[in-house]
Amino acid sequence: MPLKVVEEATAGVPTHCPYCALQCAMTLRPRPGGGADVEPRDFPVNGGGLCRKGWTAAELLSSPDRLTTPLMRRTRTAPLEPVSWDAALDRIAAELRRIQDAHGRDAVAVFGGGGLTNEKAYLLGKFARVALGTANIDYNGRFCMSSAAAAANAAFGVDRGLPFPVTDIASAGAVLLVGANVAETMPPFVRHLPGAGDDRGLIVVDPRRSQTARDADLHLQVTPGTDLALANGLLHIAIAEGLIDTDYIAARTTGFDEVRRNVSAYWPERVERITGVPVSEQRAAVRMLAAGRANGGAMVLTARGAEQHSKGVDTVRAFINLALALGLPGRPGSGFGSITGQGNGQGGREHGQKADQLPGYRRIDDPDARAHVAGVWGVDPDVLPGPGRSAQELIESLGTPDGPKAMFVAGSNIAVSAPQAGLAERRLAALDFLAVSDLVLSETAKLADVVLPAAQWAEEEGTMTNLEGRVLRRRRAVAPPPGVRTDLEILAALAARLGRPDGFEADPAAVFAELRRASAGGPADYSGITTDALDSGAAVYWPHPGEHGTPRLFADRFPTADGRARFAAVRHRPPAESIDADFPLQLITGRVLAQYQSGSQTRRIHALREAEPGAFVELHPQLAERLGFADGQEIRVVSRRGTARAVVRLSDEIRLDTVFMPFHWPGDQRVNLVTNPALDPVSRMPEFKVCAVRLEPPLAVADRLHPSAA
Ligand SMILES: Nc1nc2c(c(=O)[nH]1)N[C@H]1C(S)=C(S)[C@@H](COP(=O)(O)OP(=O)(O)OC[C@H]3O[C@@H](n4cnc5c(=O)[nH]c(N)nc54)[C@H](O)[C@@H]3O)O[C@H]1N2
Ligand SMILES: Nc1nc2c(c(=O)[nH]1)N[C@H]1C(S)=C(S)[C@@H](COP(=O)(O)OP(=O)(O)OC[C@H]3O[C@@H](n4cnc5c(=O)[nH]c(N)nc54)[C@H](O)[C@@H]3O)O[C@H]1N2
Ligand code: SF4
Ligand SMILES: [Mo]
């Protein structure tokens, strides 16, 4: 055993990137003085490639910004000061106890993240349900994959973002990408897409001519928030032109007749009026998909641009309808998928940190699921609480008379990333007690009463599940800095202090073994996945109940009661907030290549900070001229909810009625001061992707010294 470790140290440790769901493979070579060097490693998803974030990921291991000691404030207004681990953990346990004794068990909330390993997500869920006994646990995946997940569960009976390996995309003759800018959000993914000079076709739907759209054969520059109408319109054309697969529809689906009637109202000229996409381009898109289907296959893939809306679930259903009518899901080289975002966004939504779920992607309101998981946990099913509040509803309830009075956060920076962040910040401030586990002093950690310094990616063992549902091994390459503990150690220590000395192992292998048992028989069944198989590099896809996993789903049947996929007749409606005279522009939000999420990791990496130093707002030169703004000028983006500061970045690749702003920066550069928290009725996904704004010149210096309260 020690021999193996030495060998690995000299040969480098095989692992995966800490950031997005592509989980590109890399080798880490520890440096004698601390930190490590990154080398890309050949692996199907990345084919030996890495993006700039992956290349520079190791810099944060030895960054002076790392937290290396617990911090605590004595009162809510006192400064954060270094304290011992015992003092920090004792304080958290005492406060959570005190608040639950006074206000009931649900008065303590837990908030997790899709970047946490499977083991952490699992133990966090168990910690909430068993050690705290609270119904109130949710996580940032609610802001990410919840609409796609709800749609896939309803249509296919299971939610695995890509129900096929990423490499299958390379055999598709046509790919329709809806609201996905993979050229920036997962650059190595692009190698699988149709490219210049081949006989395959790429169609991109985006209000901006994004990096990804620039290389497409067809770019549909849709009006923000109208993808649902576009999908219905494309299906209308496919039916009218006789391009649907009637045999597939008859054999493998239910509900098409109602959908056919519904989309008859979405004739091309009407859809052009709603979406801004010319009739000729709508027809071209449908014909490209049909031609691709005859040339290896056709794929329809959605991402956050289509999903982060108050009608995100119905929009995804509309694109699933299109894919089903074309006969794609379950066919080789064809299918429907949603591109998962966070490193463990897939596994993170399977193992019980979501308000309505138990491990194995089970439903918390299903009596059989409760009985099974309670059995593994050694508790009575009746004591399992839940379902609790969804992320945004939870945040909005913090510190209110009916809401939680304390919260424990691990793996999310909601002070930057939640919609209407000004409100989120006020709700966090209204708590009696906030504890945060993070690598760095994130904007959310700055608001905490106790901050715990957590180990990161390359300092601990664990498993991750990538966007294909493939389970991967994350390996420890370097020791955490002295003073730092893993999240599993933190949860085990807190559980013990809350009267649960047993059942909370800090050893990732022990947690994975328990997770396998808890997931057995559930939709995301990991029970047959062995550490040996993962170590050997075997391609391990869930469901994996016995010796064999499932790289491709739906070949013969869908995991619904009758084995068929379900169509759903869905109608278009406008975004929750329409533009008007006061707020005449559509604001859309998203990402840039060099920053990740709330930026708490990537803003601390030198090359990435240099590449994208601060918030910008992208607008068309003609719009800028009309408003009197110049490239590089600082302006204010104003909505009914708040104001964000940003630098003008001119681009003729964006619609004239739309401006774009990424969400990676803190303070008054947060686009989420502006965004709309309107929720999808089913998934409870906020409408991050569209709201009404106006652009204003910066405040005069005098105003800036005495800003009016936003
Ligand atoms: N560099 C980088 N990579 C990342 C991340 C990151 O923060 N930075 N985060 C990871 C995570 S968690 C996620 S979820 C993924 C997200 O990956 P993507 O979904 O690809 O990223 P976004 O930039 O959020 O949105 C994609 C596109 O949606 C467009 N869009 C906005 N509104 C609309 C609309 O109404 N309709 C349509 N069709 N398009 C619209 C935007 O212009 C944008 O180009 O990226 C992952 N990878
Ligand atoms: N306007 C707008 N807002 C958005 C979006 C958008 O497109 N537009 N996208 C939404 C989406 S898709 C997402 S996924 C969310 C993401 O938003 P956040 O949840 O804020 O995501 P991160 O910035 O990744 O936050 C993760 C935090 O956990 C820390 N961390 C990383 N690894 C670990 C670990 O192992 N343990 C612990 N304890 N901490 C760790 C990091 O340092 C960081 O502070 O933002 C959402 N917000
Ligand atoms: S694409 Fe994603 S997983 Fe790959 S190197 Fe970049 S951030 Fe890491
Ligand atoms: Mo995400």
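**Figure 1. Ligand 2 and the largest cavity.** In this predicted model, the largest cavity is the space that ligand 2 takes up. Around ligand 2 there are 31 residues, and the closest of them are Asn-140, Asp-438, Asp-487, Ser-598 and Ser-600. Sorted by class, this shell holds 16 polar, ten nonpolar and five charged residues. Residues of the shell come from domain 1 (71-105 + 114-138 + 357-535) and also from domain 3 (585-709), so ligand 2 lies between these two domains.

**Figure 2. Polar contacts of ligand 2.** Three side chains are picked out in this view. Ser-412 places a polar side-chain atom 2.7 Å from an oxygen atom of ligand 2. For Lys-689, a polar side-chain atom is 2.9 Å from an oxygen atom of the ligand. Asn-672 has a polar side-chain atom 2.8 Å from a nitrogen atom of ligand 2. On its own, ligand 2 exposes 930 Å², of which the protein buries 96%.

**Figure 3. Ligand 1 in the second largest cavity.** The second largest cavity is where ligand 1 sits. Its surroundings comprise 32 residues, with Asp-206, Asp-227, Arg-591, Gln-595 and Gln-597 coming nearest. Twelve residues of this shell are nonpolar, twelve are polar and eight are charged. At least two shell residues are supplied by each of α6 (182-185), α13 (304-307) and β22 (585-590). Ligand 1 lies between domain 2 (146-339) and domain 3 (585-709), because both domains give residues to its shell.

**Figure 4. Polar contacts of ligand 1.** This view shows one side chain and two backbone positions. A polar side-chain atom of Arg-208 is 2.9 Å away from an oxygen atom of ligand 1. From the backbone, an N or O atom of Val-592 lies 2.8 Å from a nitrogen atom of the ligand. A backbone N or O atom of Gly-305 is found 3.2 Å from a nitrogen atom of ligand 1. Ligand 1 has 910 Å² of accessible area on its own, and the protein covers 99% of this area.

**Figure 5. The residues around ligand 3.** The shell around ligand 3 includes Cys-17, Cys-20, Cys-24 and Cys-51. Tyr-19, Gln-23, Leu-50, Lys-53 and Gly-54 also belong to this shell, as do Met-186, Pro-187 and Pro-188. By class, nine of the residues around ligand 3 are nonpolar, two are polar and one is charged.

**Figure 6. Gln-597, a loop residue with positive phi.** Gln-597 is not a glycine, yet its phi is positive, near 55°. The residue is in the loop that runs between β22 and α23 (606-611). Gln-597 is also one of the residues that come nearest to ligand 1, and β22 supplies at least two residues to the shell around that ligand.

**Figure 7. Two cis peptide bonds before proline.** Gly-386 and Pro-387 are linked by a cis peptide bond whose omega is near 5°. Pro-387 belongs to the loop between α16 (367-377) and α17 (391-397). The peptide bond that joins Trp-542 to Pro-543 is cis as well, with an omega of about -5°. The position of Pro-543 is in the loop between α22 (531-535) and β21 (565-566).

Terms used. Residues numbered from 1 in each chain as written. Chains lettered and ligands numbered in written order. Predicted model: local features only at pLDDT ≥ 70, side-chain atom pairs only at ≥ 80, totals over all residues. Heavy atoms only, no water. Near = heavy atom within 4 Å. Nonpolar A, V, L, I, M, F, W, Y, C, P; charged D, E, K, R; others polar. Polar contact = N/O pair within 3.5 Å; in protein donor to acceptor, adjacent residues only side chain to side chain. Areas by Shrake-Rupley, 256 points an atom, 1.4 Å probe, with all protein chains shown as cover. 1 Å grid on protein atoms, 1.4 Å probe; cavity = no way out; pocket = protein on both sides within 12 Å on 5 of 7 lines; lining within 4 Å. Sits in = over half its atoms within 2 Å of the grid points. Helix = DSSP H or I, 4+ residues; strand = E, 2+ residues; numbered from the N terminus. Domains from an automatic or database assignment.
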